[in-house]
Amino acid sequence: MADDYFEYLHTVGFEETNLVGNVYYVNYLRWQGRCRELFLYKKAPDVLAEVQDDLKLFTLKVDCEFFAEITAFDELSIRMRLSELGQTQLEFTFDYVKITSGVEVLIARGKQRIACMRGPNTNTVPSLIPEGLARALEPYSAQSRAMSGRTA
């Protein structure tokens, strides 16, 4: 059975830790952005082309709740799912899972709300979510999980 999330694998580096040795919180938000970018690159290249044209994906809200500390060289799986799909906005959830010798531990959970906009920087207006993006996100939506009997 296919996974119901898009996965970004990451190894924590020293530059992502603070003086105490644990990961500085802002990196969790950077990893959300990186996961989203890789999703577009791998699963929705046509939408990525639109982003390079006039589509703008504005991050309206981002948050992260922390459950455990991680340090340099920890192996992470950042798992992105679609939690909401509106006409012009969408919301992702992110599970941060530490993987050690095949054992998975949820260390943090985040959210990100995105608005689709188009137009020049001085005059952007809300835009419908591109069909290609909605289609690419289908396997990762809460609705898809509910229909297949799985939960988030």
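What is the volume of the largest cavity? In this predicted model, the largest cavity has a volume of about 50 Å³. The legends below describe this cavity and several other close-up views.

**View 1. The largest cavity and the residues that line its wall.** One cavity of 30 Å³ or more is found in the structure. Its lining consists of Arg36, Phe39, Leu40, Leu57, Leu90, Phe92, Ile114 and Leu133. Sorted by class, these lining residues comprise seven nonpolar, no polar and one charged. Helix α1 (26–43) and strand β4 (89–100) each contribute at least two residues to the lining. The largest share, three residues, is supplied by α1.

**View 2. Strand β4 and its pairing with β3.** Strand β3, which spans residues 75–85, pairs with β4 in the antiparallel sense, and nine bridges connect the two. Within this pairing, isoleucine 78 stands opposite tyrosine 96 of β4. The connection from β3 to β4 is a hairpin through three residues. In a regular strand, the side chains alternate between the two faces of the sheet.

**View 3. Strand β4 and its pairing with β5.** Strand β5 covers residues 103–118 and runs antiparallel to β4, to which it is joined by 12 bridges. Here glutamate 91 faces its opposite residue, arginine 113 in β5. The hairpin of β4 and β5 has two residues between the strands, and serine 101 in this hairpin takes a positive phi near 50°.

**View 4. Aromatic pair of tyrosine 24 and tyrosine 25.** A pair of aromatic rings is described by the distance of the centres and the angle of the planes. The structure contains nine aromatic pairs. One of them, formed by tyrosine 24 and tyrosine 25, is tilted, with 4.9 Å centre to centre and 55° between the planes. Tyrosine 24 counts as partly exposed because its relative accessibility is 40%. Tyrosine 25 is likewise partly exposed, as its relative accessible area is 48%.

**View 5. Aromatic pair of tyrosine 28 and phenylalanine 66.** These two rings meet edge-to-face, at 4.7 Å centre to centre and 70° between the planes. The pair links distant parts of the chain: tyrosine 28 belongs to helix α1 and phenylalanine 66 to strand β2 (residues 55–66), 38 residues apart. Tyrosine 28 is buried, because its relative accessible area is 3%. Phenylalanine 66, by contrast, counts as partly exposed at 43% relative accessibility. Ring pairs also connect Tyr28 and Phe66 with Trp31 and Tyr96, and these residues make up a cluster. Tyr96 is thus seen again in this view, having appeared in View 2 opposite isoleucine 78.

**View 6. Cysteines 35, 64 and 116, without a disulfide.** A disulfide is a covalent bond between the sulfur atoms of two cysteines. The structure holds zero disulfides. Why is the sulfur of cysteine 35 not bonded to that of cysteine 64? Cysteine 64 carries the closest cysteine sulfur, but the distance of 12 Å is too far for a bond. Cysteine 116 is also in no disulfide; its nearest cysteine sulfur, that of cysteine 35, is 17 Å away. Cysteine 35 is buried, since its relative accessible area is 0%. Cysteine 116 is buried as well, with a relative accessible area of 0%.

Conventions. Residues are numbered from 1 along each chain as its sequence is written. This is a predicted model: local features need pLDDT of at least 70, side-chain atom pairs count only at pLDDT 80 or more; totals for chains, interfaces and linings use all residues. Side-chain values use heavy atoms; hydrogens and water are left out. On a 1 Å grid over the protein atoms alone, a cavity is a set of points where a 1.4 Å probe fits but cannot get out, and a pocket is an open set with protein on both sides within 12 Å along at least five of seven lines; lining residues have an atom within 4 Å of a point. Grid points are joined across faces, edges and corners, and a volume is the space filled by probe spheres set on the points. Helices (H or I, at least four residues) and strands (E, at least two) are DSSP runs, numbered from the N terminus. Ala, Val, Leu, Ile, Met, Phe, Trp, Tyr, Cys and Pro count as nonpolar, Asp, Glu, Lys and Arg as charged, and the others, Gly among them, as polar. Two strands pair if DSSP finds at least two bridges between them. Rings of Phe, Tyr and Trp (its six-membered ring) pair if their centres lie within 6.5 Å; planes under 30 degrees apart count as stacked, over 60 as edge-to-face and the rest as tilted. Buried means under 20% relative accessible area, exposed over 50%, partly exposed in between (1.4 Å probe, protein chains only). A disulfide is a pair of cysteine sulfur atoms within 2.5 Å.
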